[in-house]
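Below is a briefing on one structure, written for use beside the sequence and the coordinates. Please read the bullets together with the display.

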Amino acid sequence: MTETIIKTENLTKTYSGSNVKAVDNLNIEIMKGEIYGLLGPNGAGKTTTISMLSTRVAPSGGKAIVAGYDIIKDSLKVRKVIGVVPQDLTTDEDLSGYENLMMVASFYDVNKNKAKEKAAQLLRLVDLEEAANKHVKTYSGGMRKRLELIVGLINEPEILFLDEPTLGLDVQTRSQMWKYIRDIQEKLDVTIILTSHYLDEIDALSSRVTIIDHGKVLVTGTSEELKAKLKGDIIMMTFKTQEEAEKIKEFPNLVDVKDNGPKSVRLKVQDSDRELPNVIEFISKNQLSLTRMTVQKPSLDDVFLEYTGKGIRDAEGGGEFRQTMFNMRRLRR
Amino acid sequence: MSGLLPLTSREFKKWYRNPISLVTGLIQPFFWIALFGSAFAGLADLSGASNSIIEGAPNYITFILGGVLTITGLFTAMFTGVNLIFDRRLGTLGRFLIAPIKRSSIVFSKIFSAIARIIIQVAILIGAALVLPDGLRFAHGFTLFDVGVLIAAVLMISFIFASIFNLIAIRITQPNSLFGILNLINLPLLFTSTAMFPPDLMAGWIRTVAKYNPVSWSADSIRTVIINGSLTSSQMSQLGIWLLALFVLAVALVLLTYFLSEKGIRE
Ligand SMILES: Nc1ncnc2c1ncn2[C@@H]1O[C@H](COP(=O)(O)OP(=O)(O)OP(=O)(O)O)[C@@H](O)[C@H]1O
Ligand SMILES: [Mg+2]
């Protein structure tokens, strides 16, 4: 997993008739074979990024290399080696699932016999064999999304772009979809770029993730790095005296610490399940007298807000965000 | 033009799987013939003079056939633009735009499938006109030359209007806008041409407009060969001018459609 397959340099897009940068000097590097997550709220620029990388939309600045080809100069070559599953549905309702696959295969000049084989394999992969010859308009939402997924794979792409593959699916169908995506990555030897609003989705699937908002990269890291950071748990403690409350700030493994009113401290640790025994040991070693203790695991929504909401949008360059970035740096060391 | 074949075959599948559009498309020519044939049949019965009004045709159906063929091509061609707009609305266009195919193949798949439908309609129409009582009568049988002129005229008028409406559809995203434009121009285009009415029955200014209306060129070309059989040299040169004008216009519009669609089709 050391070979770079996608690299962007200051990739920028301003849509005509708009003065906001949908994507703003984006620099990302994606490695061959990984599932790379692009996480961000509505309007963050995820689709625009994918549209540029898949040569659907021309960038207004910067450059990008996809599978060794320049997206501007060699757009046709890029198109041949990628598969795209756009955010919106693209299959033709009046054709069957199989016919949709075969039509798209012929766009890529896939040999007819090979296309038949490939179509059968892919339909099996996502359990659509039985519905293969039915018109797509009779499919359920989940079936339709599964079909979209394999239409993006019919040309045996090196890179697959998945723009919100589980949007609008119920919880069960979503996790089923995740299974398919994992299967694809394992069996078909393809690099996957996945966008989502859902942290758990990125969490479940991707090896590395970039969080973007307003077209800018906020943070990039492996799932583990970010998880450690993002899933920082809060331990709230109240002591008998203020001195004791100050002493707990010397606890070695903390991510962040804040005063939380008199004699009370808000401690952030990576994983409260692991750190709690250490905290208790620290307390008894230093003979602190604790009056109250609560553990809060932040919800995924909180985490997401930390990067995209609070830090950037509400308070420009607000403390919370800078704090987070500071902690990220600490974490990497 | 990679992509042209699969996209055109898709258009056909969509066409024959939609029973209503299939049946209406095939029945429409009968209506034209039956309606116009009887609505204006009186013309031919008026007097001996009427025969000169309908340019020497033995009956009205023989006179009108060139017009009906032209109109069939014209209307079917015009509506192809609508399909492009629906592809955009329904998302399928997105799939085509991602694929390594020529942009123009998306547009020309619509145009070519329309042309194929028009040829089927034309065949049905001629068949219908022949079997109708007091129907189509060729002057001196039907020669290969006649067939050539007839097909060329209908094809060119179809290419002209399919191109125009696909050019519009490349940019327009609202089906209703296209329907608006369609409704605005289809009847005026028809009634300022010699497709339905002999020029002698037209007001003077309309007759002038009709002379420069491509719809007239096509209708009159077909009429000339059907009614007259063997042509005089002046008829021949007039026919040549009409066909040449149609050809130049068709080629120019097809090229324009090609280049503009290659430049980009609006998402
Ligand atoms: N065709 C367009 N014309 C003008 N502005 C656009 C266009 N497409 C997107 N934008 C704008 O660009 C910004 C980024 O949009 P984009 O669709 O890339 O976001 P996203 O991260 O995919 O959002 P979502 O999660 O809602 O899909 C938004 O502010 C959006 O309004
Ligand atoms: Mg999006």
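Helix α12 (residues 214-228) of chain B and helix α13 (residues 233-263) of chain B have axes that come within 9 Å and cross at roughly 145°. Here axes are lines fitted to C-alpha atoms, for helices over the stretch in contact, and angles run from 0 to 180 degrees between N-to-C directions. The model is predicted: local features need pLDDT of at least 70, side-chain atom pairs count only at pLDDT 80 or more, and totals for chains, interfaces and linings use all residues. Residues are numbered from 1 along each chain as its sequence is written, chains are lettered from A and ligands numbered from 1 in the order in which they are written, and side-chain values use heavy atoms, with hydrogens and water left out.

**Helix pair in chain B**

- Two packed helices are described by the angle between their axes and the distance between the axes.
- The crossing of α12(B) and α13(B) is left-handed, a term for a near helix turned anticlockwise from the far one by less than a right angle (right-handed if clockwise).
- On the α12(B) side the contact (heavy atoms within 4.5 Å) includes B:Pro214, B:Trp217, B:Asp220 and B:Val225, and on the α13(B) side B:Leu239, B:Trp242 and B:Leu246 are among the residues met.
- The residues of this contact of α12(B) with α13(B) divide into nine nonpolar, five polar and one charged. Ala, Val, Leu, Ile, Met, Phe, Trp, Tyr, Cys and Pro count as nonpolar, Asp, Glu, Lys and Arg as charged, and the others, Gly among them, as polar.
- B:Gly229 is in the loop between α12 and α13 of chain B. At 16% relative accessibility B:Gly229 counts as buried, where buried means under 20% relative accessible area, exposed over 50% and partly exposed in between (1.4 Å probe, protein chains only).
- B:Gly229 and B:Phe142 are 87 residues apart in sequence, with 7.8 Å between their C-alpha atoms.

**Magnesium site**

- A:Thr47 (OG1) and A:Gln87 (OE1) coordinate the magnesium ion (ligand 2) at 1.8 to 2.1 Å.
- Donors are N, O and S atoms within 2.8 Å of the metal (3.2 Å for Na, K and Ca); water is not among the atoms, so sites may look incomplete.
- A:Thr47 lies in helix α1 (residues 46-53) of chain A and A:Gln87 in the loop between β7 (82-85) and α3 (97-107) of chain A, so the pair ties together parts that are 40 residues apart in sequence.
- Both ligating residues are partly exposed: A:Thr47 has a relative accessible area of 31%, and A:Gln87 has one of 26%.

**Backbone with positive phi**

- Most residues other than glycine have a negative phi, and most peptide bonds are trans.
- A:Asp127, not a glycine, has a positive phi of about 55°. A:Asp127 is in the loop between α4 (112-125) and α5 (141-151) of chain A and is partly exposed, at 46% relative accessible area.
- A:Gln287 also has a positive phi, near 55°. A:Gln287 lies in the loop between α10 (272-285) and β15 (290-296) of chain A and is exposed, with 68% relative accessibility.

**Selected residues of chain A**

- A:Ile283, in helix α10 of chain A, is buried at 8% relative accessibility. Not counting residues up to four places away in sequence, A:Ile283 touches A:Met237, A:Phe239, A:Ile248, A:Leu288 and A:Leu290.
- A:Tyr108, in the loop between α3 and α4 of chain A, is buried at 14% relative accessibility. Beyond residues up to four places away in sequence, the residues touched by A:Tyr108 include A:Arg79 and A:Asn155 as well as B:Ile98, B:Ala99 and B:Pro100.
- A:Asp189, in the loop between α6 (171-188) and β9 (191-196) of chain A, is exposed at 59% relative accessible area.

**Chain A overall and confidence**

- Chain A has 12 helices and 15 strands, taken as DSSP runs numbered from the N terminus (helices H or I, at least four residues; strands E, at least two).
- Buried residues make up 51% of the 333 residues in chain A.
- The complex has an ipTM of 0.86 and a pTM of 0.81 from the predictor.
- Chain B averages a pLDDT (the predictor's confidence in each residue, from 0 to 100) of 85, and 92% of the residues score at least 70.
- Chain A averages a pLDDT of 84, with 86% of the residues at 70 or above. Over residues 310-333 of chain A the pLDDT is below 50, and this stretch has 41 contacts in the model beyond near neighbours in sequence.
- Where pLDDT is low, the predicted coordinates should not be read in detail.
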